[in-house]
Amino acid sequence: MGKDLRYVVVSLPGEPATGGADAPKDSPWLRHSACAYVGLRPAMAQHTAEEHAALKKWAAGMKCVVEIGVAEGVSALALREGMAEDATLYLIDPFHLSRLPILNFIKRVARRTVNESRHGKVVWIEKFSQDVAKDWKESIDLILIDGDHAEPAVERDWQEWSGFVRPGGTVIFHDARVFEKGWTTPDYGPVKLVNRLFRNGGVAGWTIAEEIHSLFIARRNK
Ligand SMILES: C[S@@+](CC[C@H](N)C(=O)[O-])C[C@H]1O[C@@H](n2cnc3c(N)ncnc32)[C@H](O)[C@@H]1O
């Protein structure tokens with residue numbers, strides 16, 4: 001694995017692994033975020049290279065960008081690299097899944113990953129999205145929904161956050177499409193929600209903007 005590799009993205013069956021033969025997926029113990037923290041592996045994305053490029057592209061020029069569900073921070077890095085120089089990136093994740101909460105290596109790796117870019121400002125919000133939504137006031141240019149994947153939880157994020165997206169702004173769902181050689185199935189919560197909301201007549205005031213791998217991107221009509 002190259003020492004200069006900052007992160008690895010998900011490679012689909014038949015594609016070369018970005019991390020080489022010793023990529024984390026081949027060694028279960030390497031998956032622990034402590035291994036990324038001490039430099040045994042790069043940060044692990046949970047998305048493909050195409051999805052990474054799409055996140056960066058959709059963040060371009062955006063000034064208020066929100067991500068629900070940060071994990072090791074690679075999608076947040078894509079958003080930060082793409083967004084405007086004077087933008088603010090709000091990163092919402094309670095980081096409650098750490099097996100060593102005192103050390104919380106996931107959070108430490110996320111912070112380091114996101115700091116690979118110096119674009120704009122980053123605000124870390126270590127809470128559940130549903131708790132943050134209660135007091136939210138800002139108009140949002142782009143929000144990536146990638147937190148709790150249970151269908152009711154994704155629906156709650158959509159209902160509680162989409163109203164803050166300005167006309168012309170964007171909502172991106174991750175793990176929300178079944179695609180060739182991909183990991184998603186029709187049972188995934190985000191897939192079920194997006195199909196239910198957007199595929200049968202659509203959502204009033206919203207237009208499907210792009211679909212790439214597991215990403216489903218919708219824009220609020222102007
Ligand atoms: C699929 S991972 C995110 C992957 C990340 N966006 C990426 O592409 O690398 C899901 C994350 O959501 C967080 N999470 C779970 N429930 C949440 C909630 N209700 N609000 C915010 N974050 C949540 C978890 O702690 C976990 O880090």
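Is Glu151 buried or exposed? In this predicted model, Glu151 has a relative accessible area of 19%. The cut-off for buried is under 20%, so Glu151 counts as buried.

Glu151 is also a partner in a salt bridge. Its carboxylate pairs with Arg196, and the closest N and O atoms are 3.1 Å apart. Arg196 sits in helix α7 (residues 189-198), while Glu151 belongs to helix α6 (residues 151-161), so this pair ties together parts of the chain that lie 45 residues apart in sequence. The two partners are covered to different degrees: Arg196 is partly exposed at 40% relative accessible area, whereas Glu151 is buried at 19%. The pair does not stand alone, since Glu151, Glu155, Lys192 and Arg196 are joined into one network by salt bridges that share partners.

In general, side chains of opposite charge can pair when their charged atoms come close. The structure as a whole holds 14 salt bridges, and two others are described here.

One of them is formed by Glu211 and Arg177, whose side chains meet with an N to O distance of 2.8 Å. Glu211 is in strand β8 (residues 206-212), and Arg177 is in the loop between β7 (165-173) and α7, so distant parts of the chain, 34 residues apart, are linked. Here Arg177 is the buried partner, with a relative accessible area of 19%. Glu211 counts as partly exposed, at 30% relative accessibility.

Another salt bridge joins Glu126 to Arg111, with the closest N and O atoms 3.2 Å apart. Arg111 lies in helix α4 (residues 105-114), and Glu126 lies in the loop between β5 (121-125) and α5 (129-133). The partners are 15 residues apart, and the pair again links distant parts of the chain. Neither side chain falls under the 20% cut-off for buried: Glu126 counts as partly exposed at 36% relative accessibility, and Arg111 does so at 33%.

The last feature is nonpolar. Trp29, Tyr37, Val38 and Leu40 make a nonpolar surface patch of about 440 Å². Of these residues, Tyr37 lies in helix α1 (residues 33-37). Why can Tyr37 be part of the patch? Patch residues need over 30% relative accessible area, and Tyr37, which is partly exposed, has 31%.

Technical notes:
Residues numbered from 1 in each chain as written. Predicted model: local features only at pLDDT ≥ 70, side-chain atom pairs only at ≥ 80, totals over all residues. Heavy atoms only, no water. Salt bridge = Lys/Arg side-chain N within 4 Å of Asp/Glu carboxyl O. Helix = DSSP H or I, 4+ residues; strand = E, 2+ residues; numbered from the N terminus. Buried < 20%, exposed > 50% of the residue type's maximum accessible area, 1.4 Å probe, protein only. Patch = residues over 30% accessible without salt bridge, like charges linked within 9 Å, V, L, I, M, F, W, Y side chains within 5 Å. Areas by Shrake-Rupley, 256 points an atom, 1.4 Å probe, with all protein chains shown as cover.
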